[in-house]
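Reader: I should like to learn how features of a protein model are read, beginning with a single residue and moving on to pairs and groups. Please give the general idea in each case before turning to the example.

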Amino acid sequence: MTQDDALRGSQVQIRPGVTFRVAHSPGHNPALVFLHGALGQRFNWRIQYDAARRKGLQAVAYDLAGHGQSSAYGRYSAGRHSRDLRRLLDHLGIDNPILCGHSYGVPIALEYANRYPVQGLILVAGGTHNLSPWWEPPVVGWMEVIGRHWFHSPFLQQLAHRLMGMAARPDVEQFARESPIPTALEPYRSMGGFWGYNALRRPELLRWRQVPALVMSGGRDPVFTRMMAEQLAEQFVSSHHIHMHESGHLLMAEEPLLFNRAIEEWLEAQGFA
């Protein structure tokens, strides 16, 4: 990261005791707002954020509470994340955004779209329910106590990314450098706020179903399957599903050209770009 890096961002006070690290680039609307997933940070969206800026779109990427350089919460939930996102967008003067959420960023996008107007949703490797595999809580518990400390080692960082199937390419290596596996406690603690999440519990409140949506999934993703993505796409009045056969859970880093092209074509089809 250099001094003039657009993703460098700045601290924004959301409410008393809560500040977010936010990168915001002006441009034409609708604004494209990037929401990273668990254990992530704003740099997860490096390639997509830069592409949006080149297209002249207004773009926002920020560290969710408990991640990166943002404040922690005493208690985490998708609803709390979405309400603070509204406060952030009010601060930036943004209405009717397009939300692009990855993994646990998807529930935040859905919760936001239930409460506030959006022009579209881009939902990547995440859905409405059954998002936490059975092994996640015990693994996260182990990481909170012991495992996270191992990742102070650059070698183990690199090994972990290789085990996740990330190829040895310059763009992927930049992703790994900028988005290391966290060694702090708070990102792991925050994951519990999504366990058991179910956006379908109250069907009468599902306003997000009326929003145009692009759903994206990876063929090598062990967490979010093609079937789950197809079921998510079926929830919307208007949706399009892109399945990237060679990608795992981190589609935006593993196949960035295909990923960006899919978003660009969808935006054009919707009349947004």
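Reader: Is Asn-44 buried or exposed?

Author: The model is a predicted one. Burial is read from the relative accessible area, and a residue under 20% is called buried. Asn-44 has a value of 7%, so Asn-44 is buried. Asn-44 is placed in the loop between strand 3 and helix 1.

Reader: With which side chain does the side chain of Asn-44 make a polar contact?

Author: The partner is the side chain of Ser-179, at 2.7 Å.

Reader: How is a salt bridge to be read, and which residue meets Arg-46 in one?

Author: Side chains of opposite charge can pair when their charged atoms come close. In this model there are 12 salt bridges. In one of them, the side chain of Arg-46 meets that of Glu-178, with 2.6 Å from N to O. This pair links distant parts of the chain, since Arg-46 belongs to helix 1 and Glu-178 to helix 6 (residues 170–178), 132 residues apart.

Reader: Are Arg-46 and Glu-178 buried or exposed?

Author: Arg-46 counts as buried because its relative accessibility is 11%. Glu-178 is buried as well, with a relative accessible area of 15%. Arg-46 is also listed among the buried residues of helix 1, together with Gln-48, Tyr-49, Ala-51 and Ala-52. Helix 1 is followed by Gly-56, which has a positive phi near 85°.

Reader: Which salt bridges have both partners in helix 2?

Author: Two examples may be given. Arg-87 and Asp-84 meet through their side chains at 2.5 Å, N to O. Both lie in helix 2 (residues 78–92), 3 residues apart, about one turn of the helix. Here Asp-84 is buried, its relative accessible area being 0%, whereas Arg-87 is partly exposed at 37%. The other example is Asp-90 with Arg-86, whose closest N and O atoms are 2.7 Å apart. These two residues of helix 2 are 4 residues apart, again about one turn of the helix. Arg-86 has a relative accessible area of 10% and is therefore buried. Elsewhere, salt bridges with shared partners join Asp-5, Arg-46 and Glu-178 into one network.

Reader: Over the face of which ring does Arg-86 lie?

Author: Arg-86 lies over the face of Tyr-116, 5.8 Å from the ring centre. A further case is Arg-80, placed over the face of Tyr-73 at 5.7 Å from the ring centre.

Reader: How many aromatic pairs does the structure hold, and why is the pair of Phe-34 and Trp-45 called tilted?

Author: A pair of aromatic rings is described by the distance of the centres and the angle of the planes. The structure holds 10 such pairs. For Phe-34 and Trp-45 the centres are 5.1 Å apart and the planes stand at 35°, so the pair is tilted. Phe-34 is in strand 3 (residues 28–35) and Trp-45 in the loop between strand 3 and helix 1 (46–54), so the pair ties together parts that are 11 residues apart in sequence. Both residues are buried. Ring pairs link these two with Tyr-49 and Phe-259 into a cluster.

Reader: What should one look for in the backbone, and which residues does a cis peptide bond join?

Author: Most residues other than glycine have a negative phi, and most peptide bonds are trans. In this model a cis peptide bond joins Asn-29 and Pro-30, with omega about 5°. Pro-30 is found in strand 3. As for phi, Leu-39 has a positive value near 70°. Leu-39 lies in the loop between strand 3 and helix 1, and counts as partly exposed because its relative accessibility is 27%. Ser-103 also has a positive phi, near 55°. Ser-103 is in the loop between strand 5 (98–102) and helix 3 (105–115), and at 13% relative accessibility Ser-103 counts as buried.

Reader: Which residues make the nonpolar surface patch?

Author: Trp-142, Val-145, Ile-146 and Trp-150 make a nonpolar patch of about 420 Å². Of these, Val-145 lies in helix 4 (residues 136–145). Its relative accessibility is 59%, so Val-145 counts as exposed.

Terms used: Residues numbered from 1 in each chain as written. Predicted model: local features only at pLDDT ≥ 70, side-chain atom pairs only at ≥ 80, totals over all residues. Heavy atoms only, no water. Patch = residues over 30% accessible without salt bridge, like charges linked within 9 Å, V, L, I, M, F, W, Y side chains within 5 Å. Areas by Shrake-Rupley, 256 points an atom, 1.4 Å probe, with all protein chains shown as cover. Salt bridge = Lys/Arg side-chain N within 4 Å of Asp/Glu carboxyl O. Buried < 20%, exposed > 50% of the residue type's maximum accessible area, 1.4 Å probe, protein only. Phe/Tyr/Trp six-rings, centres within 6.5 Å; stacked < 30°, edge-to-face > 60°. Lys NZ or Arg CZ within 6 Å of the ring centre and 35° of its normal. Polar contact = N/O pair within 3.5 Å; in protein donor to acceptor, adjacent residues only side chain to side chain.
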